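Please work through the exercises below with the structure open beside you, trying each task before you read its solution.

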Amino acid sequence: MLPTSARRATPARTPSVAEPRPVERAAARLLALVAVVGALALAGAPAAQAHNTLRASDPADGATVAFAPDRVTLTFDMAATAIGTEVVVTTADGRVVSAGPAELVDATVAQPLAGELPAGAYTVSWRVTSADGHPIEGTLGFTATAATVAGTGGAPVPAPEPTPSDVATSTTETTDDATAPAGTDDATAPADDGAAGGTADDEPAVAGPLLAGIGGVLVVAGGVAAWYLLRRRPDDVAGDGEPVGPDA
């Protein structure tokens, strides 16, 4: 038997780690919660601040096209909402050529045009509501070289048809020109008046010399006849060859 006085060898005890107190555990949990909330806020901040942005337009801003299109299309980086979205297209003289509501398809907003689309500058004023409810707006412009009518594919503007009053006026002018040529009446009337006036005024002047001439002829004829009779021989005057004289 081993002596009772001998002691068993016991392993050396290592110092134990102190357990955290309840207050420290609560503080650690609070810090972890704050860290998680902060991370979520930082992650959501870019999405909240990234509003809708215009990426392109057709026609492009500042472009020159052959004729105005049937619709103006705006392309954004995200879809827009119909509420609050509006596109107005005006000509250089301020006439509005946009018609009807804008058409929203995915990230595009298309505005139809209507009526006669003249040549010249166009202004596009747009206002779009983003999906997050934030409105954005802007202005762009383009220039058309030739006039057209919406929906014709660029066909030229037809000439205006004459009204009934224009047709009647044109017909009257044509008839007057064909019936009475210019200058005919004016040239004929003075000539006729002059001829008539000259005949009436010249009758006494012409009749006087004519009568005087006839009288002269008669006088000359009478003188010749008398001379002829005086020149005849006496026997010719008496006849039958007998002489004329006191003895007879």
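The two exercises that follow concern a predicted model, and each task is followed by a stepwise solution.

**Exercise 1. Work out which strands stand at the edges of the open sheet S2-S9-S8-S4.**

Step 1. Four strands make up this open sheet, in the order S2-S9-S8-S4, and their pairing is mixed.

Step 2. Strand S2 (64–65) and strand S4 (80–90) each have a single partner strand, so they stand at the edges, and one side of each is left without a neighbour in the sheet.

Step 3. For S4, the pairing with strand S8 (residues 120–130) is antiparallel and runs over seven bridges; within S8, valine 124 is the bridge partner of valine 89.

**Exercise 2. Find the salt bridges of the structure, and classify the residues of each as buried, partly exposed or exposed.**

Step 1. The structure holds three salt bridges. One of them joins aspartate 77 to arginine 55, with the closest N and O atoms 3.4 Å apart; aspartate 77 lies in the loop between strand S3 (71–76) and S4, whereas arginine 55 belongs to strand S1 (residues 54–58), 22 residues apart.

Step 2. Exposed means over 50% relative accessible area, so arginine 55, at 58%, is exposed, while aspartate 77, at 31%, is partly exposed.

Step 3. Glutamate 103 and arginine 71 form another salt bridge, their closest N and O atoms being 2.7 Å apart. Because glutamate 103 lies in strand S5 (residues 103–105) and arginine 71 in strand S3, the pair ties together parts 32 residues apart in sequence. Glutamate 103 is partly exposed at 37%, and arginine 71 is partly exposed at 36%.

Step 4. Arginine 127 and glutamate 137 also meet in a salt bridge (3.9 Å, N to O), with arginine 127 partly exposed at 36% and glutamate 137 exposed at 61%.

Notes:
Residues are numbered from 1 along each chain as its sequence is written. This is a predicted model: local features need pLDDT of at least 70, side-chain atom pairs count only at pLDDT 80 or more; totals for chains, interfaces and linings use all residues. Side-chain values use heavy atoms; hydrogens and water are left out. Two strands pair if DSSP finds at least two bridges between them. Helices (H or I, at least four residues) and strands (E, at least two) are DSSP runs, numbered from the N terminus. A salt bridge is a side-chain nitrogen of Lys or Arg within 4 Å of a carboxyl oxygen of Asp or Glu. Buried means under 20% relative accessible area, exposed over 50%, partly exposed in between (1.4 Å probe, protein chains only).
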